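Q: Please take a close look at one helix of this model and its surroundings, and follow the packing from there into the nonpolar core.

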Amino acid sequence: MRQALRRQTSLKTLTLAAFGIASIALAAPAAAGPLAPEAHSSILASVESHGAAIDDAALQIWQFAELGYQEHQSSALLAQRLRDAGFTVQTGIANEPTAFLASFRNGDGPVIAVLAEYDALPGLSQTLNPVQESAGGHAGHGCGHNLFGAASVYSAIAVKEWMVANNIKGELRVYGTPAEEGGSGKVYMVRDGLFDDVDISLHWHPGNVNSARQGDTMANVSGKFRFYGTSSHAAAAPDKGRSALDGIEAMNAMVNLMREHVPDRTRIHYAITDGGKAPNVVPSYAEAYYYVRHNNPEIVRDVLERVKLAAEGAALGTGTRMEFEAIGGVYSMLPNEALMQVMDRNLRSVGGITWTEEEKALAREIQKTLSTQEDLSSVERIEPAVIGGDFGGSTDVSDVSWVTPTVGLSTATFVPGSAGHSWQNVVAAGSSIGLKGARLATQTLALTTAELFQSPEVIAEAKAEFERRRGPNFQYRALLGDRTPALNYRD
């Protein structure tokens, strides 16, 4: 089935030129910021020269659609592109086979890191048609990480070319970070000290709008609760059995009652990932996969302990045994206004996105499947850059933001009004709608990175703000504890 999907999508990508991929033009740029005009023009020209390669990398990763810690092809593709561009690449960092660290150093100077993601989401396998042809597929890029990885890598390549041409001092790094979707890949890198000497980290994320706003994300801990019972014939000898599924259901009932008695804004989600195999067999094994979220990491820790107690009580009440495995854990985002201002200025210097009539037609077809039909012209605008506002989700970039000043942006890679982690986003991420947003991100990241290499005063200001926001005596302590990477969490 996976091979059939790849054959089908590879044929359909040949038709993407009809949606404007052959000539991806963004809106006319405004005046450049503090970066010298010749540097600004040179970097944008470098990005444009790599346009076909950016699109090719993004579409290949879209077709691979590899889950967390299984991104062997996606990781290898991006690592090789960086080697070919003159970076030194180390793979398998932080005991993660699909992680890598690429570095280009030209003497002493700032160490600036760009983050790249490339994992897909389970159950979202799709085609490029703007209709949901199937449900429950293997995987798909409903969060646009195919675009994320390609744009981040080529922003660094453009900056490296500029550094060489102008003898800019410093070290430029690209961190290839797997398993952002629940696997907390960056957390192990942070915990292993791989960001300790980084001055500034940059990232971006596919979205519905163009913005350098630094909003709030939610800390979370995820884990699997496994119950072990005793099998028996469900009709002939039910008294001999002890149902592991009963344990899961009792736990879920208690946790659902708990929702009234947890701090506001706490989020608890779960899925029963194994509930037995046959109705006439009392299941001896069952599993539930849980997330606990809140903006405050300490509240996450507290609520998770209460969930564990509910699981222990459920096991006691059903005569089963329970084991818990922590899978992931991430902090909430620590914003940085000094860096946001630089990112916003460079985003505005490039401008918004202009869709062709064909792209607008595709967007309107996708909008027919949405609950709201928002203004498509919003992709042409740059939204205000402010600190605050709830992004709602969680990301392991947050842990990076607590050990080094960090800044990100979003660009319009999806159809306005579409929901994250959806089949609609898979379609957009595999079309020129997504590629245009990725191009804007590449340009903005490259310009911002280059400006920071020449702005020691901004780096100093960002570091001072970073220390103020962390507070005195802060010590990083990973929410997932000392466990090794959960390489099989998607199995």
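A: Gly 86, just after α4, takes a positive phi of about 100 degrees. The model is predicted, so local features need pLDDT of at least 70 and side-chain atom pairs count only at pLDDT 80 or more, while totals for chains, interfaces and linings use all residues. Residues are numbered from 1 along each chain as its sequence is written, and side-chain values use heavy atoms, with hydrogens and water left out.

Helix α4 itself covers residues 72–84. Helices (H or I, at least four residues) and strands (E, at least two) are DSSP runs, numbered from the N terminus. The expected span of a helix is 1.5 Å times one less than its number of residues; for the 13 residues of α4 this gives 18 Å, and the end C-alpha atoms are 18 Å apart, in agreement.

The buried residues of α4 include Ser 74, Ser 75, Leu 77, Leu 78, Ala 79, Arg 81 and Leu 82. Buried here means under 20% relative accessible area, exposed over 50%, and partly exposed in between (1.4 Å probe, protein chains only). Among the elements that cover these residues are the helices α3 (51–64) and α5, together with the strands β1 (88–91), β2 (100–106) and β6 (170–177). Contact is defined by heavy atoms within 4.5 Å.

Leu 82 shows this packing at the level of one residue. Apart from neighbours within four places in sequence, Leu 82 is in contact with Phe 87, Val 89, Phe 100, Ala 102, Val 153, Ile 157 and Val 174.

Leu 82 also belongs to the largest nonpolar core, which has 89 residues. Such a core is a set of buried Ala, Val, Leu, Ile, Met, Phe, Trp, Tyr and Cys residues joined through side-chain atoms within 4.5 Å. Leu 82, Phe 87, Phe 100, Trp 162 and Trp 204 touch the most other members. Helix α5 (residues 145–166) gives the most to this core, with 12 residues. A second, separate core holds 30 residues, including Ala 244, Tyr 290, Met 322 and Trp 402. In soluble globular proteins, nonpolar side chains tend to be buried together.

Tyr 290 leads on to helix α7, where Asn 252 is found. Not counting residues up to four places away in sequence, Asn 252 touches Tyr 270, Ile 272 and Tyr 290. Asn 252 counts as buried because its relative accessibility is 4%. Its C-alpha atom is separated by 8.3 Å from that of Ala 311, 59 residues apart along the chain.
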